[in-house]
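Reader: I would like to learn how to read a structure like this one, feature by feature. Could you take me through it, giving the general idea and then the case at hand?

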There are 2 protein chains.
Amino acid sequence: MVLLVITPTENGASWRDAFRKLDPTLDVRVWPDTGALEDIEVAFVWRHPEGDLARYPNLRAVFSLGAGVDGTLGDPLYPRQVPLVRMVDPDLAVSMTEFVIAAVLRHHCDLDHYAHLQREARWEKRVRPSAAGRVVGVMGLGALGARAALALTALGFEVRGWSRTIRTVAGLETFAGEAGLSAFLAATQILVCLLPLTPETRGILDAQTFAQMPRGSHLVNVARGAHVVEGDLIAALDSGQLAGATLDVFDVEPLPAGHAFWHHPRVLITPHVASLTSVATAAILVVENLRQWRAGGALLNVVDVQRGY
Amino acid sequence: MVLLVITPTENGASWRDAFRKLDPTLDVRVWPDTGALEDIEVAFVWRHPEGDLARYPNLRAVFSLGAGVDGTLGDPLYPRQVPLVRMVDPDLAVSMTEFVIAAVLRHHCDLDHYAHLQREARWEKRVRPSAAGRVVGVMGLGALGARAALALTALGFEVRGWSRTIRTVAGLETFAGEAGLSAFLAATQILVCLLPLTPETRGILDAQTFAQMPRGSHLVNVARGAHVVEGDLIAALDSGQLAGATLDVFDVEPLPAGHAFWHHPRVLITPHVASLTSVATAAILVVENLRQWRAGGALLNVVDVQRGY
């Protein structure tokens, strides 16, 4: 089986080496060294060049390096009859949960606030509620969102979940759809976005959303930059409607040098590192999924191309 | 029974009101309005004036507002035959655990590092291990330390504990005494200090201790400022032996305006807020302990005055 690695922004050779080591029967090639286009049966992709995937007449499956497939499906020339497999790596969920808890607790314990006071050498105590007195709202209850929500619950937070279609997660009060959004937002003091990016969720974090949250709330966005209407977020931060934001993802990445987020006193920027796919664990999952499929089993973690996740 | 509140740096009236409301039979007075000195049977203290406690001939018990009693026992005129009760409030352990996890995860997820990059608008990813690949060492395995250690274990960290005398905590590798300190420090990448302050632990966080930790480690001190030799800490940060420190407590509080910590780029300062005793929950514990004692029971949480905790 010929597997083509198309990851121009990543280290394609490290993926090739990992795949080869795990399954020496695989003929692994790294784009743009494709060989004959009709050889390619499977592609492993991240930020592939637009239209490229339409060039392989015998392509039977596409694997995404990342959990989010909006970039892959954003290609209008994506061959929509070819099954697309997203990355479901428990290690990805573990590191995402660690990052979400770090961001939530940093705000909960006022570490951002005290870092500001420190610049002026000001010693001023602020009384904080315990986690039981703080409501965290998690948008998106897939593999990553559900896990983060449960870990926050274990720490004592009052956690609520929202998803586009209703989901039941043990131990969690859940809300769904447009109808449930207002009630969800009304109590949410720390909002964590872990939604997939789809036409329905694009721009969902806008002025209307922020206005429905309690004044002084905090936003943690670890999903996609396009979930946020950036101008609306800056306005909400400037007015004090939001007390702060932890942003790991942006409309344009790397975040351009002149962007207002860089020097905004209420924004913490991390460079899309909340959760990084690890070659070591992820390559095993890809190779094992391929192996079962070649033996006649079903492909696991296939995306609903229409729905977008 | 006459209870005297001696808390010059705190709001004594709020404690008086809480005690009165919980037990109207208590005659609660707020220092310096003591009335006749021989009336006073119980004192509730925090940062009492040196020598003051020796003035009450009928004093039968002293309750500390805080979990640490080093300040109270630091008074050379403390009447050492009078039992001293420290604050053991589950709420105190809950908020301390939240703060410790916030500080550990802030470092683990490089949030301090990224905040520095942000000032220069630099977008640079740093690969981090998962929590399972990071060793957190907790010094002090009392009510606060044991709870924090277990919560860190639940998040996936490899946690080790150290105490002066050996303690067994389920699920934790523990070390003890001078003999166990080197082995404990050798693997510790994030050191959390939750020790009581005693003659044996004063200055325990010194150049020798820092030198035994892996280069690039992080310190979280939420115990007492005097555990740290401040000059040694600054030297370890400047040399890069320590990558950072989260400091909630200091030799002199409030931290003086000109202190080197205020503007050190590798130090986060919080103003002794890791865990604040709450009047609402703590007053209940004091009154209940008094009630059982007056009914002939034993006082709970009495400190070993010789040992100092």
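Author: Let us begin with domains, which are read as stretches of sequence assigned to one unit. In this predicted model, the assignment for chain A gives domain 1, made of 2-89 together with 277-294, and domain 2, which covers 90-269. The centres of domain 1 and domain 2 of chain A, taken over C-alpha atoms, are 32 Å apart.

Reader: How many residues of domain 1 of chain A are in contact with domain 2 of chain A, and what area do the two domains bury between them?

Author: A boundary between two parts can be read first by its contacts and then by its buried area. Here 11 residues of domain 1 of chain A contact eight residues of domain 2 of chain A, and the two domains bury about 760 Å² between them, with 54% of that area on carbon and sulfur atoms.

Reader: Which polar features should I look for at that boundary between the domains?

Author: Look for salt bridges and polar contacts, which are counted separately. Between domain 1 and domain 2 of chain A there are two salt bridges, and R47(A) forms a salt bridge with E253(A), in which the closest N and O atoms are 3.9 Å apart; this pair counts because the rule accepts a side-chain nitrogen of Lys or Arg within 4 Å of a carboxyl oxygen of Asp or Glu. The count of residue pairs in polar contact between these two domains, both residues being at pLDDT 80 or more, is four. On the side of domain 1 of chain A that touches domain 2 of chain A, the residues divide into five nonpolar, three polar and three charged.

Reader: Turning to the two chains, how many residues of chain A are in contact with chain B, and how much area is buried between them?

Author: The approach is the one used for the domains, now applied between chains. In this model 45 residues of chain A are in contact with 45 residues of chain B, and the buried area is about 3700 Å², of which carbon and sulfur atoms give 70%. The rule finds zero salt bridges across this interface, while 18 residue pairs, both at pLDDT 80 or more, are in polar contact between the chains.

Reader: Which elements of chain A supply the side that touches chain B?

Author: To answer this, one assigns the interface residues to helices and strands. On chain A, α3 (90-108), α4 (111-119) and β12 (267-269) each supply at least two residues of the side that touches chain B, and the largest share, nine residues, comes from α3(A). By class, that side of chain A has 28 nonpolar, eight polar and nine charged residues.

Reader: What rotation superposes chain A on chain B?

Author: One copy is superposed on the other, and the angle and the shift along the axis are then read together. A rotation of 180° with 0.0 Å of shift along its axis superposes chain A on chain B, with an RMSD of 0.1 Å, and the two copies are thus related as by a two-fold rotation axis. Of the residues of chain A, A102(A) comes closest to that axis, at 3.0 Å for its C-alpha. The interface fits this picture: 100% of the interface residues of chain A are also interface residues in chain B, so the copies meet through the same surface.

Reader: Which backbone details should I check last?

Author: Check the peptide bonds and the phi angles. In chain B, a cis peptide bond joins W31(B) and P32(B), with omega about 10°, and P32(B) lies in the loop between β2 (27-30) and β3 (42-45). The peptide bond from E253(B) to P254(B) is also cis, with omega near -10°, and P254(B) lies in the loop between β11 (242-247) and β12 (267-269) of chain B. In chain A, A121(A) is a residue other than glycine with a positive phi, near 50°, and its place is in the loop between α4 and β6 (135-139).

Technical notes. Residues numbered from 1 in each chain as written. Chains lettered and ligands numbered in written order. Heavy atoms only, no water. Contact = heavy atoms within 4.5 Å. Buried area = accessible area lost by both parts, 1.4 Å probe. Polar contact = N/O pair within 3.5 Å; in protein donor to acceptor, adjacent residues only side chain to side chain. Helix = DSSP H or I, 4+ residues; strand = E, 2+ residues; numbered from the N terminus. Nonpolar A, V, L, I, M, F, W, Y, C, P; charged D, E, K, R; others polar. Least-squares fit on C-alpha atoms with pLDDT ≥ 70 in both. Domains from an automatic or database assignment.
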